[in-house]
Each structure stands twice: as C-alpha cells, then as structure tokens.
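Dear colleague,

I am passing on a structure for you to look through, and below it you will find what came out of going over it. Please keep it open beside this email while you read.

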Amino acid sequence: MSAATPDPKTCRSCGRTIEWRKKWASNWDEVAYCSDACRKRKVTAQDRELEQRIRDLLAARAATSSICPSDVARSLHPDDEDAWRGLMEPVRRAARRLVAAGEVDITQGGSVVDPSTAKGPIRIRRHRS
C-alpha cells in the first residue's frame, strides 16, 4: 500500500483525536466518532450548554485567566456535590471539543497539552495565537 496515511480527525462527541486505522480504509471519510460509546452518546443539549458555560466563564475573567472544569460544573450545581462531580467528564469532553474548534486551550502546569492524552488536573483558557 503506497498511499499516505490520512490526517487524524477529532471525535465529534469526546473531542479526542481519532487516528487512522486500516479497518477504516474504505470509509475514513464517514468516520466521525472514536468509539461505539461516543457514537451512542453523540452531542446533547447538555453538552452544548457546557460548552457555552465554558465560554461564559472565560469571558467573565481576565484574558490571561483560566478556569478549572470544576468551576463549570459547580456553576450549574453549586449546592449538590454529587451532581457537579458527575459533570466533570462531560465538562472535559466539552473543553476538548472547544479545543478542536480553536476556541480554547487545555493546560497543565501553565503549558498547553494535547487534550487527547492529558491525564490529571487540567485548566481551560482562551486560545492564544
């Protein structure tokens, strides 16, 4: 096979990078999700609300400031710890989608990191050119 490997894509649901696989050679143009779980989950109204909440919280802060995913979750459920903790992964997914759209950066220790591979605590900031 002499053809070059196609460029990676971003999962529509979780925002992680989808690397080309040989099994997708015949339908790479139609691949939109990284897994069956993401295909089933898709992007919901709650996901769009989380994306907007990230934008709103960043807009309310200084241009150089960042936010924690827990700030977003707590802004929706300030008095219910179980509810906001349950939103942590959906907030991280929303942040990854916004990274793919070029709106925000995900950082760790002040440095921009690959959202697909970032493990542990992250911060979200406005994208800087």
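I begin with helix 2, where the buried residues are D47, L50, E51, I54, L57 and L58. When one looks down the axis of helix 2, these buried residues fall within an arc of 130°, so they line one face of the helix. The face of helix 2 that is turned away from this buried side carries the exposed residues A45 and A59. As for what lies over the buried residues of helix 2, the cover includes strand 3 (66–67), helix 3 (69–76) and helix 5 (88–100), together with strand 4 (104–108) and strand 6 (123–126). Please bear in mind throughout that this is a predicted model.

The length of helix 2 can also be checked by a short calculation: at 1.5 Å a residue, its 15 residues (45–59) should span 21 Å, and the C-alpha atoms at its ends are 21 Å apart, which agrees.

Helix 3 can be read in the same manner, since P69, S70, V72 and A73 are buried in it. Seen down the axis of helix 3, its buried residues fall within an arc of 155°, so they too line one face of the helix. Helix 2, strand 3, helix 4 (81–86), helix 5 and strand 6 are among the elements that cover the buried residues of helix 3.

One residue of helix 3 may serve as an example, namely S70. Is S70 buried or exposed? Its relative accessible area is 10%, and because residues under 20% count as buried, S70 is buried. If its neighbours within four places in sequence are left aside, S70 is in contact with W84 and M88.

Next comes the empty space inside the model. The structure holds one cavity of 30 Å³ or more, and the volume of the largest cavity is about 40 Å³. Which residues line the largest cavity? They are R92, R96, I106, P115, A118 and I122, and by class this lining has four nonpolar, no polar and two charged residues.

Finally, here is the chain as a whole. The secondary structure of the protein chain comes to five helices and six strands, which run β-β-α-α-β-α-α-α-β-β-β from the N terminus on. Its C-alpha atoms fill a box of roughly 55 × 35 × 20 Å, taken along the principal axes. Of the 129 residues in the protein chain, buried residues make up 33%. Among contacts between residues at least 6 apart in sequence, 40% join residues at least 24 apart.

With kind regards

Note on methods:
Residues numbered from 1 in each chain as written. Predicted model: local features only at pLDDT ≥ 70, side-chain atom pairs only at ≥ 80, totals over all residues. Heavy atoms only, no water. Helix = DSSP H or I, 4+ residues; strand = E, 2+ residues; numbered from the N terminus. Expected span 1.5 Å × (residues − 1). Buried < 20%, exposed > 50% of the residue type's maximum accessible area, 1.4 Å probe, protein only. Arc of directions from axis to C-beta. Contact = heavy atoms within 4.5 Å. 1 Å grid on protein atoms, 1.4 Å probe; cavity = no way out; pocket = protein on both sides within 12 Å on 5 of 7 lines; lining within 4 Å. Points joined across faces, edges and corners; volume = space filled by probe spheres on them. Nonpolar A, V, L, I, M, F, W, Y, C, P; charged D, E, K, R; others polar.
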